[in-house]
Amino acid sequence: MTAKITSWTAKTLSYIGRVQIVQSILFGIQAFWAQLFILPTKVIKIVEGICRSYIWSGANEITKKALLAWDRVCLPKAGGGLNITNFKLWNKVAIAKTSWDLAHKQDKQWIRWIHTYYIKNQQMNTMPIPQQACWMVRKVIEAKEILEARHFVQLHNRSLIRQIYLHLLGDYNRVEWKSLIFNNTARPKAKFIIWLMMHGRLTTCDRLSSWKIIVDTQCVMCRKQVETRDHLFVQCEYTKQIWSKLCNWMQKQYLGFIDWHQFL
């Protein structure tokens with residue numbers, strides 16, 4: 001994964017471009033191994049650190065730079081995240097799926113081998129964990145507890161995995177602005193900027209100043225007030241002119257909003 005990122009660092013990619021690469025290529029690498037092995041926690045942390053650092057800094061080394069916590073980035077879009085898969089949960093889900101196969105399928109050689117030597121015609125949901133089995137086999141059988149916690153309907157492989165993943169993800173607060181960002185035809189780069197803005201994580205001058213970075217905090221467009229999120233998108237005189245013209249073009253009444261949340 002680091003080798004692939006190293007080959008991408010020379011390319012000038014936006015945040016959302018790096019997010020799409022992580023979602024497709026890097027997650028595909030991790031998902032392949034997660035379905036075969038129970039990955040150690042340390043390895044998963046390194047993998048997440050590599051992906052997180054690449055998204056926020058474009059680097060091939062693990063850094064602490066991040067505009068938003070990784071757990072929030074991994075939430076579904078309805079919860080205000082980018083729907084990046086949580087690698088640790090995905091590993092549990094993949095092993096739980098393997099446990100389901102072990103209990104319901106008898107057509108694979110490795111399943112017949114485990115049934116012959118360890119399960120021995122017992123019921124998976126009531127049998128004790130065979131202590132003579134290797135660590136990997138014990139963990140696969142222990143994963144039955146995840147399946148017992150909730151009744152999962154088997155439609156096809158991807159459906160079962162999705163059901164288990166959403167169950168392990170648990171409850172999360174839904175945001176009211178999901179449709180504002182994701183259900184439209186805006187450019188991905190613009191969507192990502194608005195997503196950061198809704199979380200209050202844009203690197204506006206007031207935030208840079210709070211980090212002890214020496215910058216000119218005045219708005220570069222009006223030069224009258226400190227550049228904050230609400231000022232930049234709503235309160236600035238230049239921004240108000242744009243909103244007024246846009247509302248006239250849409251045949252809507254411009255009411256002179258004072259903060260962004262009034263648009264929601």
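In this predicted model, helix H5 (residues 87–104) and helix H6 (residues 109–119) meet with their axes coming within 9 Å and crossing at roughly 75°. That crossing angle makes H5 roughly perpendicular to H6. On the H5 side, the contact is made by Thr98, Asp101 and Leu102, while H6 brings in Trp110, Ile111, Ile114, His115 and Ile119. Sorted by character, the residues of this contact come out as 5 nonpolar, 2 polar and 1 charged.

Next along the chain to look at is helix H7, which spans residues 135–142. Its buried residues are Val137, Val140 and Ile141. Looking down the axis of H7, these buried residues fall within an arc of 95°, so they line one face of the helix. The spacing fits a general rule: an α-helix has 3.6 residues a turn, so residues three or four places apart point the same way. As for what covers the buried residues of H7, the list includes H5 and H6, along with H8.

That leads to helix H8, covering residues 144–148, where Lys144 is found. Is Lys144 buried or exposed? With a relative accessibility of 10%, Lys144 counts as buried, because the cut-off for buried is under 20%. Leaving aside residues up to four places away in sequence, Lys144 touches Ser99, Met124, Asn125, Thr126, Met127 and Ile129. One of these, Ser99, falls within the stretch of H5, residues 87–104.

Terms used: Residues numbered from 1 in each chain as written. Predicted model: local features only at pLDDT ≥ 70, side-chain atom pairs only at ≥ 80, totals over all residues. Heavy atoms only, no water. Helix = DSSP H or I, 4+ residues; strand = E, 2+ residues; numbered from the N terminus. Buried < 20%, exposed > 50% of the residue type's maximum accessible area, 1.4 Å probe, protein only. Contact = heavy atoms within 4.5 Å. Axes fitted to C-alpha atoms, helices over the stretch in contact; angles between N-to-C directions. Parallel < 35°, antiparallel > 145°, perpendicular 65-115°, else oblique. Nonpolar A, V, L, I, M, F, W, Y, C, P; charged D, E, K, R; others polar. Arc of directions from axis to C-beta.
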